[in-house]
Amino acid sequence: VEAARLTARRIRPEDVERLRARLHERQELIGGDPAAFVDADLDFHHAIVELSGNAVLVGLFDVVRPVLRAALIEMVTHEAALPDVSCAHTDVLEALARGDAEAAVAATADNLEGTMAFIRAEMADR
């Protein structure tokens with residue numbers, strides 16, 4: 001969330017195009033190989049974190065990425081009812097493109113909340 005806020009304040013047009021390419025790749029991989037999809041998803045998020053210019057956030061993302069990758073691949077592979085958060089990703093990108101930090105934070109929170117709500121529901125059913 002903080003990376004989205006920082007990125008919105010410093011993003012350049014060429015950065016927006018880079019993010020659009022990453023998001024397009026992610027969207028193209030929906031429904032395909034789970035590992036490829038998760039890698040594209042994480043690449044999109046990593047690009048946002050890098051654009052924040054905050055080395056601590058980049059370092060944290062890099063540390064948790066392998067664990068997050070494994071968990072997401074497992075989830076995408078085995079959970080048929082996963083929520084489609086593609087719109088939230090698009091909303092994050094559009095907010096960043098406008099330089100709208102508040103909207104970028106809100107869209108990032110929506111993206112996270114959709115996935116977290118699914119995980120909470122799954123855990124409650126177990």
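How many positive and how many negative side chains does the chain have, and how far apart do the centres of the two sets lie? There are 13 positive and 23 negative side chains. The two centres lie 5 Å apart. Keep in mind that this is a predicted model.

**The whole chain**

The chain is built with six helices and zero strands. Read from the N terminus, the order is α-α-α-α-α-α. The radius of gyration is 14 Å, close to the 14 Å that the globule rule gives for 126 residues, so the chain is as compact as a globular protein of that length. Along the principal axes, the C-alpha atoms fill a box of roughly 45 × 25 × 25 Å.

How much of the chain is buried? The share is 35% of the 126 residues. The exposed area comes to about 7100 Å². Carbon and sulfur atoms supply 58% of that area.

Now look at who touches whom. Take the contacts in the chain with a separation of 6 or more. Residues 24 or more positions apart account for 72% of them.

**Helix α5**

Helix α5 covers residues 86–98. Its 13 residues, at 1.5 Å a residue, should span 18 Å. The C-alpha atoms at its ends are 19 Å apart, which agrees. Which residues of α5 are buried? They are S86, A88, H89, V92, L93, A95 and L96. One general point helps when reading such a list. An α-helix has 3.6 residues a turn, so residues three or four places apart point the same way. After α5 comes G99, and its phi is positive, near 70°.

**Four buried residues**

The table sets out four residues from four helices. A residue counts as buried under 20% relative accessible area.

| Residue | Helix | Relative accessible area |
|---|---|---|
| D15 | α2 (residues 13–28) | 4% |
| L51 | α3 (residues 34–51) | 12% |
| V58 | α4 (residues 55–78) | 18% |
| S86 | α5 | 8% |

Why does V58 count as buried? Its relative accessibility is 18%, and the cut-off for buried is under 20%.

**Who they touch**

The contacts below leave out residues up to four places away in sequence.

Start with D15, in helix α2. D15 touches R10 and L51. That leads to L51, in helix α3. The contacts of L51 are T7, R10, I11, D15, R18 and L19. R10 therefore appears in both lists, as a contact of D15 and of L51. L51 can also be placed against A4, which is 47 residues away along the chain. Their C-alpha atoms are separated by 8.7 Å.

V58 sits in helix α4. Which residues does V58 touch? The answer is H46, V49 and E50. Set V58 against R12, and the two are 46 residues apart in sequence. In space, they are 19 Å apart, C-alpha to C-alpha.

Last comes S86, in helix α5. S86 touches R26, Q27 and I30. With a relative accessible area of 8%, S86 is buried.

**Putting it together**

The chain has six helices, and 35% of its residues count as buried. D15 of helix α2 and L51 of helix α3 are in contact. Both are buried, D15 at 4% and L51 at 12%.

Technical notes. Residues are numbered from 1 along each chain as its sequence is written. This is a predicted model: local features need pLDDT of at least 70, side-chain atom pairs count only at pLDDT 80 or more; totals for chains, interfaces and linings use all residues. Side-chain values use heavy atoms; hydrogens and water are left out. Helices (H or I, at least four residues) and strands (E, at least two) are DSSP runs, numbered from the N terminus. The radius of gyration is taken over C-alpha atoms; the globule rule is 2.2 Å times the number of residues to the power 0.38. Buried means under 20% relative accessible area, exposed over 50%, partly exposed in between (1.4 Å probe, protein chains only). Contact means heavy atoms within 4.5 Å. Accessible areas come from the Shrake-Rupley method with a 1.4 Å probe; for residues, only the protein chains shown count as cover. Lys and Arg count as positive and Asp and Glu as negative; His and the chain ends are not counted. The place of a charge is taken as NZ of Lys, CZ of Arg, CG of Asp or CD of Glu. The expected span of a helix is 1.5 Å times one less than its number of residues.
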